[in-house]
Amino acid sequence: MELFERPTAGENAVLVQINFKTDDIPHDEQEFKELVRSAGAQIVHLVTGSRQRPDSRYFIGQGKAEEIRDYVRNLQADLVVFDHSLSPAQERNLERLFECRVIDRTGLILDIFAQRARSHDGKLQVELAQLKHMSTRLVRGWTHLERQKGGIGLRGPGETQLETDRRLLAVRIKQINKKLEKVQNQREQGRQSRKKAEIPTVSLVGYTNAGKSTLFNALTQADVYAADQLFATLDPTLRSINLPNQQEIILVDTVGFIRHLPHDLVAAFRSTLQETAEADLLLHVIDSHDEQRDLYRDQVNQVIEEIGAETVPQIEIMNKIDLTEHAAGIQEGNGLHATTAWVSAQTKQGLEQLLDYLGAYFAQQTFRGKLRLLPSHGRLRAQLYADKAIQTESIGEEGEYLLDLVIDQRKLKAYLNQAGLKLEAVAV
């Protein structure tokens, strides 16, 4: 279902970026322009300024709003884009004043996602986010129909046009949620079968345009679309890799994160982001050449926390070293800092060391051996069975359980701690 008619030529856009005294992080002008270009608009002017706090009516205050109206008229702009979240009332007031379309940062990101979605479930997730965003703004086009329908052929059950639209949206949202539930179940089955086959999953995460897809292609010899633009990848792609020690892993390329990622999008893309939350390891790809890399690192970690993946171990991949003077290699982490790999996905520098490191990492992470458990350790045995960690089981001479296990080291230690046991005491 097409929600918007897309113009054939790029629209002329006036950009608005205001710094408020209450902002924790200053707005990034370059990123904002890149987002607008990614949506296919032509930038004709950027309006900047600073205020104490947002204005309830126009967000930017009467004087600044009239200044923008003059730019819109003089430059024949079709669109005004705000690098902020606007309330539905503010959006309506501004559109009335400017006499052209106004979209905020959330609407802009949703539009880019709508253009990039390729897979069936990707399109569903974007549509869900768009509908949720649109449902709060429905009044915009229907102010003249807020009374009940009347007249010949229009007398109905006493429902206003606005209520009809809201009801239809609610029905569509329900349908999409049902379809996405099915997608989520299919993905969950895939994850369970990989778990059963003891294949670890490694998820690539990072700020948008950090080079995740280029790294993914370099490591897997795949041909996933990679471009120097924001949100080039939207649909998750999975490929298997054989590590140097003959171990197989599944590598997942995911959507890039960005500051102020709309909550509707995070919620709609829950099934996609679940791949990250359920991964055994995250490769956090960082553009080492970017001056704002530390800020972007924090932003990505914030989203990782939002989706419940903060406990998943992380290796930081400092990418694009071909643009810097840094040598390729692995820097081992400690309790405070993550392990860091310096690589270039473009020139393939450091990728061999990275694969060697991953091989050694997963060899250490897996416990393969026997445990001797007493009948009183029934709960621990049940947990191991539920995790499909027990390969074979036999009964010892004194009635104890002898279990052949293949399980993640951290998980096993956590289970043993719960049972008040030490690995050395029960390992055979």
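The UniProt annotation "binding site", from an unreviewed entry, covers Ser 213 and Thr 233; UniProt positions follow the numbering used here, feature names are shortened, and annotations may be inferred rather than shown by experiment. Keep in mind that this is a predicted model, where local features need pLDDT of at least 70, side-chain atom pairs count only at pLDDT 80 or more, and totals for chains, interfaces and linings use all residues. Residues are numbered from 1 along each chain as its sequence is written, and side-chain values use heavy atoms, with hydrogens and water left out.

**The annotated site**
- Ser 213 sits in helix H7, residues 212–220 (helices are DSSP runs of H or I with at least four residues, strands are E runs of at least two, and both are numbered from the N terminus).
- Is Ser 213 buried or exposed? Its relative accessibility is 9%, so Ser 213 counts as buried (buried means under 20% relative accessible area, exposed over 50%, and partly exposed in between, with a 1.4 Å probe and protein chains only).

**The chain as a whole**
- The protein chain has 14 helices and 14 strands.
- Of the 428 residues in the protein chain, 49% are buried.
- About 22000 Å² of the protein chain is exposed, and carbon and sulfur atoms supply 46% of that (areas come from the Shrake-Rupley method with a 1.4 Å probe, and for residues only the protein chains shown count as cover).
- Take the contacts between residues at least 6 apart in sequence: 68% of them join residues at least 24 apart (a contact means heavy atoms within 4.5 Å).

**Salt bridges**
- The count comes to 14 salt bridges (a side-chain nitrogen of Lys or Arg within 4 Å of a carboxyl oxygen of Asp or Glu).
- Arg 372 pairs with Glu 400, their closest N and O atoms being 3.5 Å apart. Arg 372 lies in strand E12 (residues 366–373) and Glu 400 in the loop between strand E13 (390–395) and strand E14 (401–408), so this pair ties together parts that are 28 residues apart in sequence.
- The two partners sit in their own surroundings: Arg 372 is partly exposed at 41% relative accessible area, while Glu 400 counts as buried at 10%.
- Glu 393 and Arg 381 also meet in a salt bridge, at 2.7 Å from N to O. That pair links distant parts of the chain, with Glu 393 in strand E13 and Arg 381 in helix H12 (residues 378–386), 12 residues apart.
- Glu 393 is partly exposed at 31%, and Arg 381 counts as partly exposed at 21%.
- Glu 31, Asp 83 and Arg 105 are joined into one network by salt bridges that share partners.
- Arg 69 and Asp 70 bring their side chains together at 3.7 Å, N to O; Asp 70 is partly exposed, at 35%.

**Helices H3 and H5**
- Gln 90 belongs to helix H3, residues 88–98, and is buried with a relative accessible area of 9%.
- What does Gln 90 contact, leaving aside its neighbours within four places in sequence? The list is Asp 55, Ser 56, Arg 57 and Phe 59.
- Helix H5 (residues 120–135) has 16 residues and reaches 22 Å from its first C-alpha to its last, close to the 22 Å expected at 1.5 Å a residue (the expected span is 1.5 Å times one less than the number of residues).
- Among the buried residues of H5 are Asp 121, Leu 124, Gln 125, Glu 127, Leu 131 and His 133.
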